[in-house]
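Student: I have a structure to go through. Can we take it one question at a time?

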Amino acid sequence: MKCPYCFNEETQVIDSRETEDQAAVRRRRECAKCEKRFTTYERIELLDLIVVKKDGSRQAFDRNKLIAGIRRACEKRPIPTEKIERAVDEIEQELRTMASNEVQSKLIGNLVMKKLRAIDPVAYVRFASVYKSFRNLQAFERELDKLKED
Ligand SMILES: [Zn+2]
C-alpha cells in the first residue's frame, strides 16, 4: 500500500482491528519514509447484482427500488418499516448466494411475493396483481391457487 502523502511504497501496519459492525477491518499504517499515518479499510467485495428483465435487458440491482415497490404494496397497512427492510435484506442475501450474479427479474418478484405472503395478505395481493399484470380475475385466481399448492 503506497503512502498517500509521499507515494513511498514501504508502509507498515501499526494497528489492526474490526469495525464495530464487524463488516470491515480498519488498519492504521505508517509510512516508513515520511512517517505520516493513514487508515485503510478491508471489506468484503460485493459483486454487482444484475437484474435480467423479461425483454432480456439488464439493469443493476437497485435495493431502494425494491424497497419502494414493496412499500407501495404495503401502503396504509400496519406493517413496520423494519419488517420491510428485513424482508429486503433476506431477499438480497438470497440473491447474492446464487451461483450467478445475473438474476431474472421474475425470480426477484417471486421472492418478494413469498415474503409478502407471510407478512400481510393484502400487501401480497396488491403486489402480485401489479407485478403479474393479470389480464383478468381468473388468471389471478389461478395464480393464487398455484401459490397455495407450494
Ligand atoms: Zn510517506
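Student: Is Cys 34 buried, partly exposed or exposed?

Tutor: This is a predicted model. Buried means under 20% relative accessible area and exposed means over 50%. Cys 34 has 31% relative accessibility, so Cys 34 counts as partly exposed.

Student: Which protein atoms are the donors of the zinc ion?

Tutor: The donors follow the spacing C-x2-C-x24-C-x2-C along the chain. They lie 2.3 to 2.4 Å from the zinc ion. One of them, Cys 31, is buried, with a relative accessible area of 0%. The donor atoms are the SG atoms of Cys 3, Cys 6, Cys 31 and Cys 34.

Student: What is the geometry of the zinc ion site?

Tutor: Four donors count as tetrahedral if all angles lie between 85 and 135 degrees. The angles among the four donor atoms here are 105 to 117°. The site is therefore tetrahedral.

Student: At what angle do the axes of helix H2 and helix H3 cross?

Tutor: Two packed helices are described by the angle between their axes and the distance between the axes. Helix H2 covers residues 81-96 and helix H3 residues 105-119, and their axes come within 10 Å. H2 passes H3 in a right-handed crossing. The axes cross at roughly 145°.

Student: How many nonpolar, polar and charged residues are in the contact of H2 with H3?

Tutor: H2 contributes Lys 83, Ala 87, Glu 90, Ile 91, Glu 94 and Leu 95. H3 contributes Leu 107, Ile 108, Leu 111, Val 112, Lys 115 and Ile 119. By class, the contact has eight nonpolar, no polar and four charged residues.

Conventions:
Residues numbered from 1 in each chain as written. Predicted model: local features only at pLDDT ≥ 70, side-chain atom pairs only at ≥ 80, totals over all residues. Heavy atoms only, no water. Axes fitted to C-alpha atoms, helices over the stretch in contact; angles between N-to-C directions. Helix = DSSP H or I, 4+ residues; strand = E, 2+ residues; numbered from the N terminus. Left-handed = near helix turned anticlockwise from the far one by under 90°. Contact = heavy atoms within 4.5 Å. Nonpolar A, V, L, I, M, F, W, Y, C, P; charged D, E, K, R; others polar. Donors = N, O, S within 2.8 Å, 3.2 Å for Na, K, Ca; no water. Tetrahedral: all angles 85-135°; square planar, octahedral: opposite > 155°, others 65-115°. Buried < 20%, exposed > 50% of the residue type's maximum accessible area, 1.4 Å probe, protein only.
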